[in-house]
Amino acid sequence: MKDRILKVLVEHQDEYVSGEELSRILGITRAGIWKHIENLRLEGYIIESQTRLGHKLIHGPLNPYILSKGLGTENIGCNFIVRQQLDSTNNLAKELAKSGVVNGTVIVAEEQLGGKGRQGRNWVSPKGGIWLSVVLRPQIELKDAACYTLLTGVAAARGLRDAAGIEVGIKWPNDLLFNDKKIGGILTEVQGEWQAVDYLVIGIGINANITAEHLLPGLNATSVLIEKNREIHLVRVIQAILSHFERLEKLLQTKGFSAVLEEWRELAVCLNCEVLVKDHSGEWNADSIDISPDGSLLVRKEDGQVTKIYSADVSLRGREGDYNFT
Ligand code: BT5
């Protein structure tokens with residue numbers, strides 16, 4: 001019942017719904033409505049109640065109704081699962097994907113206790129950030145799964161630019177940077193066989209409304225709050241990211257990966273510069289040249305040899321620390 005009340009309040013956001021109207025829609029007494037509204041308040045929802053006007057939702061924790069309202073996508077976000085706390089949204093997404101959850105399901109957590117980066121690294125995820133995972137079932141081969149990390153980088157950067165007004169850039173393969181500091185990251189996990197992907201879980205982490213003391217000093221990280229000195233509207237940013245994601249997936253299907261890469265290039269902050277690469281062979285210096293049609297990074301080594309990097313950590317020499325090598 002509490003959820004049904006919440007749904008009605010979300011549908012009428014920015015206006016009052018009278019107690020009488022609520023009890024008519026939901027078929028319970030006005031006293032019952034009061035009790036549930038009190039419970040919603042205890043969960044952190046700010047609901048304004050006026051004797052003559054009724055109840056109006058002002059603000060509250062993330063929830064599926066608020067995230068769905070006005071989203072306007074066809075598939076991405078057709079199903080939201082929201083938790084106050086999780087170990088990792090990617091972990092829950094993988095479990096749900098295994099048990100058949102629908103394509104486009106999005107898992108959101110207010111806080112992660114065991115947020116993950118690549119190669120088992122930790123991802124600091126306190127309250128105030130955007131921590132979400134998308135479950136996708138694309139008809140692609142395993143080798144093409146990495147394209148989705150680049151596509152997601154574009155979606156996240158564009159979503160942040162549109163809905164939070166912050167000029168975030170992308171660093172190959174999975175970093176979102178602002179002023180050469182990490183403001184977000186992407187973790188793509190894949191299940192399938194060589195010929196056919198079963199599902200992809202794409203995790204997006206963004207340091208949104210996070211204060212400096214929550215980001216460990218050695219991280220070379222920043223947040224939108226630190227940079228802009230104001231809180232951003234998490235729901236609007238999540239929705240903007242998801243709608244860009246859906247747009248880019250359609251672009252991928254209709255025009256091919258090269259069309260996505262064109263947008264990626266516009267947002268990239270790691271091209272035509274000196275980079276330090278760390279891969280299975282060790283650490284080496286290079287100049288980044290371009291992104292290849294297959295999504296690998298094209299670099300020129302110090303001996304002049306031009307090569308493609310498929311899997312590595314890259315840092316911008318003289319601009320960032322080695323934070324992501326830990
Ligand atoms: C990433 O890994 O950048 C992927 C981050 C993905 C996080 C999302 S949140 C939702 C979903 N659920 C999850 O559990 N994960 C995804 P990588 O490139 O390996 O970078 C990890 C490194 O970034 C760490 O070793 C730290 O040095 C640094 N780091 C950790 N937390 C950070 C933060 N909040 N902001 C900036 N840097 C951070």
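Modeller: Let's start with a term: a salt bridge is a side-chain nitrogen of Lys or Arg within 4 Å of a carboxyl oxygen of Asp or Glu. The model here is predicted, so local features need pLDDT of at least 70 and side-chain atom pairs count only at pLDDT 80 or more, while totals for chains, interfaces and linings use all residues. Residues are numbered from 1 along each chain as its sequence is written, and side-chain values use heavy atoms, with hydrogens and water left out.

Biologist: Okay, how many salt bridges does a search of the whole structure find?

Modeller: Each one has to meet the rule I just gave, with nitrogen and oxygen within 4 Å. Searching the whole structure on that basis gives a total of 24.

Biologist: Take Glu 74 and Lys 250: how many residues apart in sequence are the parts that this pair ties together?

Modeller: Their side chains meet in a salt bridge, 3.4 Å from N to O. Glu 74 sits in the loop between helix H4 (64–68) and strand S3 (79–86), whereas Lys 250 is in helix H8 (residues 234–255), so the pair ties together parts whose separation in sequence is 176 residues. Those labels are DSSP runs numbered from the N terminus: helices are H or I with at least four residues, strands are E with at least two. The number you asked for, then, is 176.

Biologist: And Lys 250, is it buried, partly exposed or exposed?

Modeller: Buried means under 20% relative accessible area, exposed means over 50%, and partly exposed is in between (1.4 Å probe, protein chains only). Glu 74, its partner, has 58% and is exposed. Lys 250 has 37%, so it counts as partly exposed.

Biologist: Next, Glu 189 and Lys 94: which strand and which helix are they in?

Modeller: This pair meets in a salt bridge as well, at 2.8 Å from N to O. The two residues are 95 apart, linking distant parts of the chain: Glu 189 in strand S8 (residues 181–192) and Lys 94 in helix H5 (residues 89–98).

Biologist: Which of those residues counts as buried?

Modeller: Lys 94 has a relative accessible area of 22%, so it is partly exposed. At 18%, the buried one is Glu 189.

Biologist: With which residue does Asp 175 form a salt bridge?

Modeller: Look for closest N and O atoms 2.5 Å apart. Both partners are buried. The one facing Asp 175 is Lys 182.

Biologist: Which residues do salt bridges that share partners join into one network?

Modeller: Here the bridges chain up through shared partners. The members are Arg 158, Arg 247, Glu 263 and Glu 266.

Biologist: Which residue in S2 stands opposite Ile 47?

Modeller: Two strands pair if DSSP finds at least two bridges between them. Strand S1 (residues 46–50) and strand S2 (residues 54–59) have 5, running in the antiparallel sense, and they form a hairpin with 3 residues between them. Across from Ile 47 stands Leu 57.

Biologist: How far apart in space are Glu 15 and Leu 57, C-alpha to C-alpha?

Modeller: Glu 15 lies in the loop between helix H1 (2–11) and helix H2 (19–26). Along the sequence it is 42 residues from Leu 57. In space, the C-alpha separation is 8.0 Å.

Biologist: How many residues surround the ligand?

Modeller: A residue qualifies if one of its heavy atoms lies within 4 Å of the molecule. The closest are Ser 88, Lys 116, Arg 121, Lys 182 and Asn 207. The full count is 29.

Biologist: How far is an oxygen atom of the ligand from the side chain of Asn 174?

Modeller: A polar contact is a pair of N or O atoms within 3.5 Å; within protein, one must be able to donate a hydrogen and the other to accept it, and residues adjacent in sequence count only if both atoms are side-chain atoms. Ser 88 uses a polar side-chain atom, 2.8 Å from a ligand oxygen. Lys 116 uses a backbone N or O atom, at 2.8 Å. For the side chain of Asn 174, the distance is 3.1 Å.

Biologist: Last one: which residue does a cis peptide bond join to Trp 172?

Modeller: Omega is about -5 degrees at this bond. The partner lies in the loop between strand S6 (169–171) and strand S7 (175–178). Its name is Pro 173.
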